[in-house]
Amino acid sequence: MKGNAFSNSVQHDSAAASAPPRLRVATYNIHKGVRGMGPQKRLEIHNLGLGVAALDADLVFLQEVRRFHHQEAKQFQRTWFGWPDQGQAEFLAPDGYEVAYRTNAVTKHGEHGNALLSRFPLGDIGHHDVSDHRFEQRGLLHVPVQWQGQEIHTVVAHLGLMHSGRVRQVQRLAEFIEHHVPADAVLLVAGDFNDWGERLDAPMRERGLQRAVAPHGRSRYATFPSRLPFFSLDRIYTRGLCCVNMQVPKGPVWARMSDHLPLLAELELERV
């Protein structure tokens, strides 16, 4: 019996060692770390820090992230935990993670943009403005990441509220990829696509990007609104990777932290 147990253990260890490595990826619109209106307005950035850590993702794509906001910093400075001294991207990053952040929109009292938190080394950080009109400031955050001895190009996206504008932004995304990402490079594009009508998958496929969906799973993973999720606004698109698992964390705690829920996926390199 002992011999059989030892043999089974060796076989299990051998199978685990030969299993392809998995990349755990999350995308999350954090709503600038604040929820509510008027006297009900509350600071959620500290809870979001616990939430991001709980995701245990290798790469975290974040949207609506603040570096600073003078009015809200003043409003919440006397609360129990207070407004963080760091920018929200740095504050949310678990210990040991590298951080990339670039501003998309500048407002009267502050600004906000996209961020990437990574367990792995980052390359040069790039930003590309894809604003479709002056009332919506939008951008792409581009960061190469070193993983398993190769470079993965990541793009954090937050597209506009009008479908026609989103179509133009997908075209600009494609042009950016053509000029800044090698044709044979592994590519991840994730974020809040604001695609209420589920009409962006086709133009993304035309650019070589497949929407991540777990095998034998649902084709849609609703993330918005967080209290009663119905729309699949948050997406992960891939090139050179396949999705093996996907989930949306749910429950009262997640529902209170942002108007979006996070989307979490496990990815593997496509087999040639």
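**Exercise 1. How much space lies in the largest cavity, and which residues line it?**

*Solution.* Keep in mind as you work that this is a predicted model.

Step 1. Start with the volume: the largest cavity holds about 50 Å³ of space. The structure has 1 cavity of 30 Å³ or more.

Step 2. Now walk around the wall. The lining is made up of Arg 211, Ala 212, Tyr 221, Ser 232, Asp 234, Arg 235, Ile 236, Met 246 and Leu 263.

Step 3. Sort that lining by class, and you should arrive at 5 nonpolar, 1 polar and 3 charged residues.

Step 4. Finally, look for the element that gives the most to this lining: strand β12, spanning residues 234–239, supplies 3 residues.

**Exercise 2. Find Arg 35 in the structure and decide: is this residue buried or exposed?**

*Solution.*

Step 1. Locate the residue first. Arg 35 belongs to strand β2, which covers residues 34–35.

Step 2. Check the relative accessible area, which is 14% for Arg 35. Buried means under 20%, so Arg 35 is buried.

**Exercise 3. Which residues does Arg 35 contact, leaving aside its neighbours within four places in sequence, and which backbone oxygens does its side chain reach?**

*Solution.*

Step 1. With those neighbours set aside, the contacts of Arg 35 include Gln 40, Lys 41, Arg 42 and Glu 44. Further along the chain, Arg 35 is also in contact with Ser 226, Ala 255, Arg 256, Met 257, Ser 258 and Asp 259.

Step 2. Turn to the polar atoms. The side chain of Arg 35 comes to 2.7 Å from the backbone oxygen of Ser 258. A polar atom of that side chain also lies 3.4 Å from the backbone oxygen of Arg 256.

Step 3. For a distance to try in your viewer, take Arg 35 and Glu 90, which are 55 residues apart along the chain. Their C-alpha atoms are separated by 20 Å.

**Exercise 4. Describe the chain as a whole: how many helices and strands does it have, and how compact is it?**

*Solution.*

Step 1. Count the elements: the chain contains 7 helices and 14 strands.

Step 2. Compare the radius of gyration with the globule rule. The chain has a value of 20 Å, close to the 19 Å that the rule gives for 272 residues, so it is as compact as a globular protein of that length.

Step 3. Add the dimensions: along the principal axes, the C-alpha atoms fill a box of roughly 70 × 45 × 35 Å.

Step 4. Round off with burial and contacts. Of the 272 residues, 50% count as buried. Among contacts with a separation of 6 or more, 69% join residues 24 or more positions apart.

Methods. Residues are numbered from 1 along each chain as its sequence is written. This is a predicted model: local features need pLDDT of at least 70, side-chain atom pairs count only at pLDDT 80 or more; totals for chains, interfaces and linings use all residues. Side-chain values use heavy atoms; hydrogens and water are left out. Helices (H or I, at least four residues) and strands (E, at least two) are DSSP runs, numbered from the N terminus. Buried means under 20% relative accessible area, exposed over 50%, partly exposed in between (1.4 Å probe, protein chains only). Contact means heavy atoms within 4.5 Å. A polar contact is a pair of N or O atoms within 3.5 Å; within protein, one must be able to donate a hydrogen and the other to accept it, and residues adjacent in sequence count only if both atoms are side-chain atoms. On a 1 Å grid over the protein atoms alone, a cavity is a set of points where a 1.4 Å probe fits but cannot get out, and a pocket is an open set with protein on both sides within 12 Å along at least five of seven lines; lining residues have an atom within 4 Å of a point. Grid points are joined across faces, edges and corners, and a volume is the space filled by probe spheres set on the points. Ala, Val, Leu, Ile, Met, Phe, Trp, Tyr, Cys and Pro count as nonpolar, Asp, Glu, Lys and Arg as charged, and the others, Gly among them, as polar. The radius of gyration is taken over C-alpha atoms; the globule rule is 2.2 Å times the number of residues to the power 0.38.
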